[in-house]
Amino acid sequence: MKVLVIIAHPAIEQSTVNKAWMEELKKHDNITVHELYQEYKEEIDVKREQELCEAHDRIVWQFPFYWYSSPPLLKEWQDKVLTYGWAFGSNGNALHGKELILAVTTGSGAEKYRAGGLNHYSMSELLKPFQATSNLIGTTFLPSYLFYGTYGATKEEIQKSAREYAEYIVTPVS
């Protein structure tokens, strides 16, 4: 299985978890790491991005949770790359049969993402727009890989999560 990980972190060098995840993923031959913020300072190369997606079986969108969504470049990527006639619409089936996973980090702990918590909603609820996008483009939406509490995480927790994340995204669904 070929896995494409699209990393959308605007400050990856200052990151603790996303950077550790990226470094771990680069050790695996069957994982293509694609850093949007390193790749694009100007216009997104739509054709290149579509070809990357077509060449992989599983696509992962990795990002820190920003204002209940993704950083802006991933949204722009979705707007420009997931085009009518390619990703959706009557002839838009280029991604049908592929799998989509979200790999998301949050600064706060899991207890803040639930009914009665600071954010009032679970991550599953807050990530529904991404699931709706997956439905529209014909990918199979797999359970997200989540890391809560980046601000208080230890190096050991981060390294363990990086290994588990890499294993998770290459494991076929049974």
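The following exercises, each with a worked solution, concern a predicted model.

**Exercise 1. The largest pocket**

Determine the volume of the largest pocket, the residues closest to its centre, and the classes of residue in its lining.

Solution.
Step 1. The volume of the largest pocket is about 440 Å³.
Step 2. The lining comprises 19 residues, of which Phe65, Thr106, Gly107, Thr150 and Tyr151 are the closest to the pocket centre.
Step 3. Sorted by class, the lining of this pocket contains eleven polar and eight nonpolar residues, and no charged residues.

**Exercise 2. The largest cavity**

State how many cavities of 30 Å³ or more the structure holds, and describe the volume and lining of the largest cavity.

Solution.
Step 1. There is one cavity of 30 Å³ or more.
Step 2. For the largest cavity, the volume is about 40 Å³.
Step 3. Its lining is formed by Cys53, Ile59, Trp61, Trp77, Leu82, Leu95, Leu100, Ile137 and Thr139.
Step 4. Division by class gives eight nonpolar residues, one polar residue and no charged residue in the lining of the largest cavity.

**Exercise 3. An aromatic segment at the surface**

Identify the residues that make a nonpolar surface patch of about 410 Å², then characterise Trp67 and Tyr68 by location and accessibility.

Solution.
Step 1. The patch is made by Tyr66, Trp67 and Tyr68.
Step 2. Trp67 lies in the loop that runs between strand S3 (58–64) and helix H4 (72–81). The relative accessibility of Trp67 is 80%, so this residue counts as exposed, the cut-off being over 50%.
Step 3. Tyr68 is likewise found in the loop between S3 and H4. With a relative accessibility of 40%, Tyr68 counts as partly exposed.

**Exercise 4. Positive phi values**

For Tyr68 and His120, give the phi angle and, for His120, the structural setting.

Solution.
Step 1. Most residues other than glycine have a negative phi.
Step 2. Tyr68 has a phi near 65 degrees, a positive value in a residue other than glycine.
Step 3. In His120, also a residue other than glycine, phi is positive and near 70 degrees.
Step 4. His120 occupies the loop between strand S4 (99–105) and helix H5 (123–126). Its relative accessible area is 53%, and His120 is therefore exposed.

**Exercise 5. Salt bridges**

State how many salt bridges are found in the whole structure, and analyse the pairs Lys19 with Glu13, Glu39 with Arg48, and Lys75 with Asp79.

Solution.
Step 1. A search of the whole structure yields eleven salt bridges. Side chains of opposite charge can pair when their charged atoms come close.
Step 2. In the salt bridge between Lys19 and Glu13, the closest N and O atoms are 3.2 Å apart. Lys19 is partly exposed, at a relative accessible area of 22%, whereas Glu13 counts as exposed at 52% relative accessibility.
Step 3. Glu39 and Arg48 meet through their side chains in a salt bridge with an N to O distance of 3.0 Å. Glu39 is partly exposed, its relative accessible area being 38%; Arg48 is partly exposed, with a value of 32%.
Step 4. A network of salt bridges links Glu39, Arg48 and Glu49.
Step 5. For the side chains of Lys75 and Asp79, the N to O distance in the salt bridge is 2.4 Å. These two residues are four apart in helix H4, which means that about one helical turn separates Lys75 from Asp79. Lys75 counts as partly exposed at 43% relative accessibility, and Asp79 counts as partly exposed at 48%.

**Exercise 6. Separation in sequence and in space**

Compare chain separation with C-alpha distance for the pair Glu76 and Ala110 and for the pair Tyr37 and Ile6.

Solution.
Step 1. Glu76 belongs to helix H4 and is partly exposed, having a relative accessible area of 27%.
Step 2. Glu76 and Ala110 are 34 residues apart along the chain, and 28 Å separates their C-alpha atoms.
Step 3. Tyr37 is part of helix H2 (residues 36–39). The relative accessible area of Tyr37 is 18%, so this residue is buried, the cut-off being under 20%.
Step 4. Tyr37 and Ile6 are 31 residues apart along the chain, with their C-alpha atoms separated by 10.0 Å.

Technical notes: Residues are numbered from 1 along each chain as its sequence is written. Side-chain values use heavy atoms; hydrogens and water are left out. On a 1 Å grid over the protein atoms alone, a cavity is a set of points where a 1.4 Å probe fits but cannot get out, and a pocket is an open set with protein on both sides within 12 Å along at least five of seven lines; lining residues have an atom within 4 Å of a point. Grid points are joined across faces, edges and corners, and a volume is the space filled by probe spheres set on the points. Ala, Val, Leu, Ile, Met, Phe, Trp, Tyr, Cys and Pro count as nonpolar, Asp, Glu, Lys and Arg as charged, and the others, Gly among them, as polar. Patches are made of residues with over 30% relative accessible area and no salt bridge: like charges are joined within 9 Å, nonpolar side chains (Val, Leu, Ile, Met, Phe, Trp, Tyr) within 5 Å. Accessible areas come from the Shrake-Rupley method with a 1.4 Å probe; for residues, only the protein chains shown count as cover. A salt bridge is a side-chain nitrogen of Lys or Arg within 4 Å of a carboxyl oxygen of Asp or Glu. Buried means under 20% relative accessible area, exposed over 50%, partly exposed in between (1.4 Å probe, protein chains only).
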